[in-house]
Amino acid sequence: TNLAAAAAELGRRVLLIDADPQGAAGNFLGADVSKPTLYDTLHGAPAAAAVRPTDVERLDLIPADLDLAAADLELGALDGWQTLLRRRLDEVAARYDLLLVDVGPGLTPLTHAALHAVDAVLLVVRLRYGDLRGMNYGLDAVARAGRATLGVLPNMVGRRTVHQQAVLDEIAKISGTRALAPIPERVAIPDAQAAGRPIIAHEPSSDVAETFRDLAKEVLRRA
């Protein structure tokens with residue numbers, strides 16, 4: 001959500017697709033999250049009908065709702081399910097400079113459909129050793145889908161402990177030049193979420209807002 005808002009602030013026309021059944025993106029961006037949502041789009045509703053404006057200029061959203069949790073059970077029964085999301089998004093892609101698909105954790109059927117809907121993937125990693133295994137699984141899944149890894153992003157990095165530094169070093173070792181500058185852990189982020197605003201609008205001069213602006217510039221450069 002914050003990355004999408006930062007890219008829009010840079011002048012790009014951005015469509016954020018919320019593929020997480022929790023559906024938090026709509027609340028954070030001040031968008032209407034009533035139906036039709038992404039779930040309905042996967043079941044035949046026109047993608048254009050699910051696109052909503054947000055409070056951020058040049059940023060639109062296709063919202064999610066709890067019905068999307070059923071998609072992991074239902075997708076496999078649909079014809080051409082692996083490319084279904086891409087075909088739906090192709091209906092509106094020409095309107096935008098950048099499409100971002102935000103998925104929840106885990107390699108589910110919906111995640112696989114999202115992999116086939118994009119050209120490149122940004123992997124977000126928390127600084128816990130258990131998440132390194134998930135990062136490796138994610139890198140493998142991206143490679144199997146024939147997609148590029150845009151970068152590996154360490155997230156919620158607080159005061160550097162020996163453990164955190166060791167995990168950062170391991171991320172850099174595994175991902176090499178794909179490693180991106182980490183997102184710092186700041187109380188401003190949950191405060192912005194509670195206020196229903198992206199960090200660049202809630203605390204535009206904060207260091208974490210600047211980090212997201214730099215991230216957006218780097219993602220656009222690599223894309």
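Here are a few friendly notes on the salt bridges and nonpolar cores of this predicted model.

1. Let us start with the charged pairs. The structure contains 13 salt bridges. As background, side chains that carry opposite charges can pair when their charged atoms come close. Three of the pairs are taken up below, along with one network.

2. The pair Arg 213 and Glu 9 is a good one to look at in your viewer. Their side chains form a salt bridge, at 2.7 Å from N to O. This pair links distant parts of the chain, since Arg 213 belongs to helix H12 (residues 207–222) and Glu 9 to helix H1 (residues 2–9), with their positions 204 residues apart. Arg 213 counts as buried because its relative accessibility is 11%, under the 20% cut-off. Glu 9, at 36% relative accessible area, is partly exposed.

3. Next come Asp 65 and Lys 35, whose side chains meet in a salt bridge with an N to O distance of 2.9 Å. Asp 65 sits in the loop between strand E3 (59–62) and helix H5 (71–74), while Lys 35 sits in the loop between helix H2 (24–29) and helix H3 (38–42), so the pair ties together parts that are 30 residues apart in sequence. Asp 65 has a relative accessibility of 16% and counts as buried, whereas Lys 35 is partly exposed at 45%.

4. Lys 35 and Asp 65 also belong to a network of salt bridges, which links them with Asp 40 and Asp 67.

5. For a pair within one helix, try Arg 221 and Glu 218. The closest N and O atoms of this salt bridge are 2.5 Å apart. Both residues lie in helix H12, 3 residues apart, or about one turn of the helix. Arg 221 counts as exposed because its relative accessibility is 60%, over the 50% cut-off. Glu 218 is partly exposed, with 21% relative accessible area.

6. Now to the nonpolar side. In soluble globular proteins, nonpolar side chains tend to be buried together. Here the largest nonpolar core has 32 residues, and those with the most contacts inside it are Val 14, Leu 16, Leu 59, Ile 199, Phe 212 and Leu 215. Helix H12 gives the most to this core, with 7 residues.

7. Which residues does Leu 59 touch, leaving aside those up to four places away in sequence? They are Ala 4, Ala 5, Ala 8, Val 14, Leu 16, Leu 29, Pro 53 and Thr 54.

8. Finally, a second core of 23 residues is separate from the largest one; among its members are Leu 38, Leu 85, Leu 110 and Ala 113.

Notes:
Residues are numbered from 1 along each chain as its sequence is written. This is a predicted model: local features need pLDDT of at least 70, side-chain atom pairs count only at pLDDT 80 or more; totals for chains, interfaces and linings use all residues. Side-chain values use heavy atoms; hydrogens and water are left out. A salt bridge is a side-chain nitrogen of Lys or Arg within 4 Å of a carboxyl oxygen of Asp or Glu. Helices (H or I, at least four residues) and strands (E, at least two) are DSSP runs, numbered from the N terminus. Buried means under 20% relative accessible area, exposed over 50%, partly exposed in between (1.4 Å probe, protein chains only). A nonpolar core is a set of buried Ala, Val, Leu, Ile, Met, Phe, Trp, Tyr and Cys residues joined through side-chain atoms within 4.5 Å. Contact means heavy atoms within 4.5 Å.
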